[in-house]
Amino acid sequence: MCYSSLRPDQQRTPVTNVLTDDIVRSLSGHCQDISVTHSCLPFKQILLPELCCKCTESESCKYPSWLAYISLYISRMSTDISQYIIPNDTGVCLLDCITAFEGLTPKERLYAHYIAQASWYGGLIVLVQTSPESPGIFILLQKIFRTQPISEVKCLALKQGITEEEWQAIMIYSAAFHANSGNYKSFGDTKFIPNVPKDKFESLILCCKAAVDDQKGIKALWDSVSDRMFSLVARQKELGLGEKGTTTYFSSNCNLDDAKLCQEFMDSKDLSAYNTRLFKTEKNGQTCYEVRLASALTEGGSIEGCPEGILGTHQFTSSTSKSYSFTVTRGDYSKLMAKVAENLGKAKEHAANDLEKQMLTEYIKSFTTGSIPAHKDGSRHWIKNIGPIVETYIGFIESYRDPFGVRGEFEGFAAVVNKEMSKKFTELVNNAEHLLALLPWPAAYEKDTFLKPDFTSLDVLAFGGSGIPAGINIPNYDDIRQSEGFKNVSLGNVLTAAYKDTKVSFLDEEDTELFIKLKVPSFEVQVGLHELLGHGSGKLFIKGEDGKFNFDIDTVEHTETKDKITKWYNQNETWDSKFTTLASTYEECRAECVGIYLCLSADALRIFGHKEDTADDLIYVNWLNMARAGLLALEFYSPDTGSWRQAHMNGRYVILRVMIEAGQGLITITKTTGDDGKEDIHLKLDRTKILPVGKPAIGNFLRKLQVYKSTGDVEAATAMYGHYSEVHDDEEPHFLSLRSVVLARKTPRKMMVQHNTTVEGPTVKLQSYESSADGLVQSFIDRFPSSEVDDILKELMEKDQPYFST
């Protein structure tokens, strides 16, 4: 479109002559950043004369082009661009696994290598799951930096008039894109754009060797992604469903009602949503839906563990008595799923035992056919494989980024067990039943038997996905976690790399010194308690198909109403399917509460080697860290939509609200002026009030969280959690106003460079990289050295394109 050529230095042509009242009326419906009406004469007479275009396409440059340009222009004018760029000083660190890898046998190294390869190929699926343009941007960056060394591309950039600072911005953007598996932050779900003018970025793209070799192809690729790459129109600023944001889990014409309807259909067919996406079309006046299952196979047939005839078209009558057409297909991400299965097959040849072989057999079956039941069977073998040297888990796992909260983002990892560190977690597991009894709910709300899980500390060799957590509790299948078991892993080298040498804001000098000293050990305790006793605790009340309950309905009392239990889960309902959009943040909040509640136990702290004065300081830092995290969470709240973009941070803000509500001076938040003369915030936690005030407040709140979860009481949970999630200025400390200070003083999250492994004959070689944006980009060039992946991603992008036109 002609508007893309606009630059401030170009001759300006007023557009008021072509901007009719009809266009302004349409603009008011398209531009969500400002209020525009058809009678807004100041808007037409004052603002619009400043818009211009050097355009020779007099006939084609009409309503659609102007409308698109004006919407984009106004959106950018009303947007704080700093919130959508990755700063040049963003830290980059190496996720060091050298020592752990060197301790592996040749067989273990081969096993780890092929698991890593499967994880990296599967991680490319996240590009497709993130945004319509992400696969194309990935291809573009790969072609540019694969064709010639980064140093040569830099020389070309400087010759094109790109400054050193702008070059660094290009590399930081490229590194962040790879680190987040797309152009939306994995932690926060906001879009980020290059911090360099679009025309300068384009000049570099079109003069590099890749473009010289294939001018037409690179130009076409750039044209297909560049507008969305730089766009900050309202719907593209963050991930979300319908008008609230961008998602590729659903076609762009889907909204919350479509998501609910699809879930109703899938529940009726006992079909899991974890490995699916939803696409909506209109055919002959009827609304039709396609449910795509991820699999290597593309043709029809049966899927093991799924209902017979599930693939194909179904006429479904909803609870509102309306009829809809649903077609279930498979083959989403087909060629990538085949790559994952292929490498798992090679890993199987080097497995350490039969459990690993059986696990991989089921995973291969799942990724080949689209069967979630097969993946569940693989997970059953996985939880029985206690204390492996090389640990892994792979598949469609976490549902944080599905706006409806039920579809899993692909992730996979290969990691080496740190035996020394794992001893602490084993001891924690051995004391779990004693610690669970300290939680503030009756025994009836706890699992009948605590199934002792494997809990290990791992050094990550490879993690394919949008972001690397510090700890994981998996699998996420409720039926397995409730009755068969689970595993916990603490990713030790992630914790060390991400949480050391970070800037501390909003604390006084004394607290800052103690915080820096104990941040890593306190977080180690929090992760352990959060994963094992947070996610691993609590019982879901279920009514089976035979009408029997897994609890005594005659004697179990509701802790809040004192009445008998009247709500529960039916046989085909799960935590995710019942609580949907609330599930992830609610559960993370519950697990965080368990962590800070149980860290008050001397027995828990003793397991991690903390006693007496050291223990008191660690408790203080852990609670202080949680309170400060609740304040930092304001970065992840969107006032425009009234929504939270990150599950964990929403939960931490809720906890801070509960602490403040406890009163008695437990938490004090004051707006101040910093040493730099700018607005600042001072947060203070009274450590003498943690036990008498903080513990009962968190305990009461935690009990309610568990009771509403156990009983499946979505209404009560939503009302309570929604209240504490509100961000407003109705009362002290005026969180909505404080948000601007938090944004102004935020520090970027570190990016992690990971190793690569290659096979040379019988030997696996480990490749390391420098801790820089260049090193991170180079790691992806080395990881995918051929153009085969480019072709696969291009095919996927083109197949999806008709469904994501807006």
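This is a short talk on one protein model, from its overall make-up down to single residues.

Good morning, everyone. A word of caution to begin: the model is predicted. Let's start with the whole protein. It has 806 residues, and 58% of them count as buried. The fold contains 31 helices and 19 strands. Now look at the contacts between residues with a separation of 6 or more. Of these, 75% join residues 24 or more positions apart.

Glycine 136 gives us an example of distant positions meeting. You will find glycine 136 in helix H7, residues 134–147. Its C-alpha is 6.7 Å from that of lysine 794, yet 658 residues separate the two in sequence. What does glycine 136 touch, leaving aside residues up to four places away in sequence? The answer is Leu221, Val225 and Met797. Is glycine 136 buried or exposed? Its relative accessible area is 0%, so glycine 136 is buried.

Next, the holes inside. How many cavities of 30 Å³ or more does a search of the whole structure find? Seven. The largest has a volume of about 100 Å³. Its lining is made of 16 residues. Nearest its centre lie Arg235, Gly245, Thr246, Thr247 and Ser252. By type, the lining has five nonpolar, nine polar and two charged residues.

Let's take two of those central residues. Arginine 235 sits in the loop between H12 and H13. Threonine 246 is in that loop as well, between helix H12 (215–230) and helix H13 (256–268). Why do we call arginine 235 buried? Because its relative accessibility is 17%, and the cut-off for buried is under 20%. Threonine 246 comes in at 6%, so it also counts as buried.

Now follow the polar atoms. The side chain of arginine 235 reaches the backbone oxygen of glycine 242 at 2.7 Å. A polar atom of that side chain also lies 2.6 Å from the backbone oxygen of serine 252. Arginine 235 offers its own backbone oxygen too: a polar atom of the threonine 246 side chain is 3.0 Å from it. Threonine 246 has further neighbours. Not counting residues up to four places away in sequence, it touches residues including Thr130, Ser131, Pro132, Tyr184 and Arg228.

On to helices. I picked three.

Start with H14, residues 334–348. Why do we say its length agrees with expectation? Its 15 residues, at 1.5 Å a residue, should span 21 Å, and the end C-alpha atoms are 21 Å apart, so the two agree. Its buried residues include Leu336, Met337, Val340 and Leu344. Lys339 and Asn343 are buried as well.

Helix H9 runs over residues 164–179. From first C-alpha to last, H9 reaches 22 Å, close to the 22 Å expected for its 16 residues. Twelve of those 16 are buried, so to speak of H9 as mostly covered is fair. Among the buried ones are Trp167, Ile170, Met171, Tyr173 and Phe177. Glu166 and His178 are buried too.

The third is H30, residues 773–783. This helix is mostly covered, with eight of its eleven residues buried. Leu776, Val777, Phe780 and Ile781 are among them, and Arg783 is another.

Last topic: unusual backbone. Most residues other than glycine have a negative phi, and most peptide bonds are trans. Here are the exceptions I want to show you.

Serine 181 follows H9 and has a positive phi, near 55 degrees. Aspartate 189 has a positive phi near 65 degrees. That residue is in the loop between H9 and helix H10 (198–207). At 10% relative accessibility, aspartate 189 counts as buried. Then there is glutamine 664, not a glycine, with a positive phi of about 55 degrees. Its loop runs between helix H26 (647–662) and strand E15 (667–673). Glutamine 664 counts as exposed, because its relative accessibility is 58%.

Now the peptide bonds. Which bond has omega near 5 degrees and ends at proline 475? The one from isoleucine 474, and that bond is cis. Proline 475 lies in the loop between strand E9 (471–474) and helix H19 (478–483). Another cis bond joins glutamate 732 to proline 733, with omega about 5 degrees. Look for proline 733 in the loop between helix H28 (714–725) and helix H29 (735–744).

That's my tour. Thank you.

Notes. Residues are numbered from 1 along each chain as its sequence is written. This is a predicted model: local features need pLDDT of at least 70, side-chain atom pairs count only at pLDDT 80 or more; totals for chains, interfaces and linings use all residues. Side-chain values use heavy atoms; hydrogens and water are left out. On a 1 Å grid over the protein atoms alone, a cavity is a set of points where a 1.4 Å probe fits but cannot get out, and a pocket is an open set with protein on both sides within 12 Å along at least five of seven lines; lining residues have an atom within 4 Å of a point. Grid points are joined across faces, edges and corners, and a volume is the space filled by probe spheres set on the points. Ala, Val, Leu, Ile, Met, Phe, Trp, Tyr, Cys and Pro count as nonpolar, Asp, Glu, Lys and Arg as charged, and the others, Gly among them, as polar. Helices (H or I, at least four residues) and strands (E, at least two) are DSSP runs, numbered from the N terminus. The expected span of a helix is 1.5 Å times one less than its number of residues. Buried means under 20% relative accessible area, exposed over 50%, partly exposed in between (1.4 Å probe, protein chains only). A polar contact is a pair of N or O atoms within 3.5 Å; within protein, one must be able to donate a hydrogen and the other to accept it, and residues adjacent in sequence count only if both atoms are side-chain atoms. Contact means heavy atoms within 4.5 Å.
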